[in-house]
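Hello,

Here is the structure I promised to pass on. Please open it next to this email and follow along.

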Amino acid sequence: MLKTLFGLRSGGKAAGPPARAARLWSNAEIARLAPAVTGDVINVSAWKDEDKAGRRYRDYFANAASYATSNYTGWRGDEGDTDHAIDLAAPLPEALRGRFDLAFNHTTLEHVFEFAQAFETLCTLSRDAVLVVVPFLQHLHGPEDGDFWRPSPYTMRRFFALNGMTVLYESAGPKGGPVRYLTYFASRRPDAWANRLPRPEHDAVAVLREPQ
């Protein structure tokens, strides 16, 4: 039973379907939101900044004033060039606090056991907004004993509020997929984003309440 739920076959190897559809869905969500961002952007725990569909996430933020990446030593963290070394499991260095207008992160928080600290560090990077993608339904993936969390919409809303941010965009998808991601855009200055962001195509909670 547990092997079926976790997408495992004997030997501990992943047997579940790859998260291809969920990645493409989240890429489309980011592509909808990114054009509204005009300030300084950082892709946190970016690895190689690849969207796994042939593009870099840098290309999504064509209107940004600047674009930087961060990584940290460890699983996939120290590969490729990066602008900053940021440990999400630790408080952010003073020099990087509020350094960016948008902190962007794709499917990293589930791999950090210190989830509350990682969320705070991500938010502290930004003087304004955070765009983050997390898995809600997904088989175990990544290194052994390195996949910890599947936050719900209620978790995400609570953590953004704890960090002084208002959720402006919330979506879940793809509908009916065996792997489903959540996409969130939140800001410290919600009034500044009035009429700048698109509306989600589906209510996130309604999507996740669908029978599996």
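From the N terminus on, the elements run α-α-β-α-β-β-β-α-β-α-β-β-α. That gives the protein 6 helices and 7 strands. Keep in mind that this is a predicted model. Of the 212 residues, 48% are buried. Take the contacts between residues at least 6 apart in sequence: 72% of them join residues at least 24 apart.

Helix α2

Start with α2, residues 20–33. Does its length add up, and what span should we expect? At 1.5 Å a residue, its 14 residues should span 20 Å. The end C-alpha atoms are 20 Å apart, so the two values agree. The buried residues in α2 are A22, R23, W25, S26, N27, E29, I30 and L33. Several elements help to cover them. Among them are helix α3 (57–60) and the strands β4 (100–106) and β5 (126–137). The cover also includes β6 (166–173) and β7 (180–187).

Strand β4 and F104

Now look at F104, which sits in strand β4. Its relative accessibility is 0%, so F104 counts as buried. What does F104 touch, once neighbours within four places in sequence are set aside? Its contacts are I30, I42, N43, V44, Y57, F61, Y67 and L131. One of these, I30, is itself among the buried residues of α2. F104 can also be placed relative to C123: the two are 19 residues apart in sequence, and their C-alpha atoms are 9.6 Å apart in space.

Helix α4 and its partner α5

C123 takes us to α4, where C123 is one of the buried residues. This helix is mostly covered, with 7 of its 10 residues buried. Besides C123, the list holds F115, A118, F119, T121, L122 and T124. They pack against β4, β5 and α5.

The pairing with α5 deserves its own look. Two packed helices are described by the angle between their axes and the distance between the axes. Here the axes of α4 (residues 115–124) and α5 (residues 153–162) come within 10 Å. They cross at roughly 55°. That angle is why α4 is called oblique to α5. The crossing is right-handed. On the α4 side, F115, A116, F119 and C123 make the contact. On the α5 side, T155, M156, F159 and F160 do so. Which kinds of residue meet there: nonpolar, polar or charged? The contact has 7 nonpolar residues, 1 polar and no charged.

Backbone points to check

Three spots in the loops are worth a click.

- D49 has phi near 65°, a positive value in a residue other than glycine. D49 is in the loop between β1 (40–43) and α3. With a relative accessible area of 4%, D49 is buried.
- T107 has phi near 45°, again positive in a residue other than glycine. T107 lies in the loop between β4 and α4. At 12% relative accessibility, T107 counts as buried, because the cut-off is under 20%.
- The peptide bond from G173 to P174 is cis, with omega near 0°. P174 is placed in the loop between β6 and β7.

If you have time for one view, try the contact of α4 with α5, starting from F119 and F159.

Best wishes

Note on methods: Residues numbered from 1 in each chain as written. Predicted model: local features only at pLDDT ≥ 70, side-chain atom pairs only at ≥ 80, totals over all residues. Heavy atoms only, no water. Axes fitted to C-alpha atoms, helices over the stretch in contact; angles between N-to-C directions. Helix = DSSP H or I, 4+ residues; strand = E, 2+ residues; numbered from the N terminus. Parallel < 35°, antiparallel > 145°, perpendicular 65-115°, else oblique. Left-handed = near helix turned anticlockwise from the far one by under 90°. Contact = heavy atoms within 4.5 Å. Nonpolar A, V, L, I, M, F, W, Y, C, P; charged D, E, K, R; others polar. Expected span 1.5 Å × (residues − 1). Buried < 20%, exposed > 50% of the residue type's maximum accessible area, 1.4 Å probe, protein only.
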